[in-house]
Amino acid sequence: MTTAKGNVFVISAASGTGKTTLVSRLTAHNPNIRVSVSHTTRAPRENEQHGKHYYFTTREHFTELVGQGAFLEHAEVFGNLYGTSAAAVQEMCAQGLDVILEIDVQGALIAKEKKKDAILVFFRTKDMETLENRLRNRKTDTEEVIQLRLKNAAKELEYEPKYDYTIINNDIEHSCQELIDIINS
Ligand code: 5GP
């Protein structure tokens, strides 16, 4: 008898695209889809919980984990280290669960290299102007941070051709359905 195995889906998106909303909608309605909880050396933000949003760790411990080969992929993003636990992903897949990695473009390519059957999904707004409006409307960032986020988003766009799919977020419900269709195909 063969056991069904889950797949890995990597989602990369610039800040302000709506990725967090997309993924929480997706997982709320699909118990067979899990989001991998990454390790990071960045400090927790208000309301972030250890083990739920991230495993918050020191640079020293993170480096030790890298040495042990604990990560499927890891990368430095905005001066902090982030990594995906290889064992956790493997275990969820073995249980037949589909796993979502919400990771940056560098990590996405490494994950694809290590796990050839991983599906890469690039999630973005229809243009930079829309992204800029969204960042401004959330009223959480200073002008300097908004400019930095836009610059990073433009840089990340260069990676889009390497992805298997692109979802353009015009409407979150529609985007969620597109992602479900990709996962089910
Ligand atoms: P934030 O600190 O705002 O939660 O995330 C910053 C960036 O790091 C985002 O682009 C996010 O997708 C990315 N990120 C989060 N976890 C990981 C990970 O495990 N690996 C990589 N490569 N990037 C990650």
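A residue is taken as buried when its relative accessible area is under 20%, and in this predicted model 42% of the 185 residues of the protein chain count as buried. The exposed surface of the protein chain amounts to about 10700 Å², of which carbon and sulfur atoms supply 50%.

The protein chain comprises seven helices and nine strands. Its radius of gyration is 16 Å, close to the 16 Å that the globule rule gives for 185 residues, so the protein chain is as compact as a globular protein of that length. Along the principal axes, the C-alpha atoms fill a box of roughly 55 × 40 × 30 Å. Among the contacts with a separation of 6 or more, 65% are accounted for by residues 24 or more positions apart. As for charge, the mean positions of the 22 positive and 26 negative charges are 0 Å apart.

The interior was then examined in terms of nonpolar cores. The largest nonpolar core has 17 residues, and those with the most contacts inside it are Val8, Val10, Val89, Val99, Leu101, Ala111 and Tyr163. Two or more residues are given to this core by each of β1 (8-13), α3 (86-94), β7 (98-102), α4 (105-114) and β8 (119-124). When neighbours within four places in sequence are left aside, Val89 is in contact with Val8, Ser36, Thr84, Val99 and Leu101. Another core, of 16 residues, lies apart from the largest one and has Ala13, Leu22, Ile180 and Ile182 among its residues.

Conventions
Residues are numbered from 1 along each chain as its sequence is written. This is a predicted model: local features need pLDDT of at least 70, side-chain atom pairs count only at pLDDT 80 or more; totals for chains, interfaces and linings use all residues. Side-chain values use heavy atoms; hydrogens and water are left out. Helices (H or I, at least four residues) and strands (E, at least two) are DSSP runs, numbered from the N terminus. The radius of gyration is taken over C-alpha atoms; the globule rule is 2.2 Å times the number of residues to the power 0.38. Buried means under 20% relative accessible area, exposed over 50%, partly exposed in between (1.4 Å probe, protein chains only). Contact means heavy atoms within 4.5 Å. Accessible areas come from the Shrake-Rupley method with a 1.4 Å probe; for residues, only the protein chains shown count as cover. Lys and Arg count as positive and Asp and Glu as negative; His and the chain ends are not counted. The place of a charge is taken as NZ of Lys, CZ of Arg, CG of Asp or CD of Glu. A nonpolar core is a set of buried Ala, Val, Leu, Ile, Met, Phe, Trp, Tyr and Cys residues joined through side-chain atoms within 4.5 Å.
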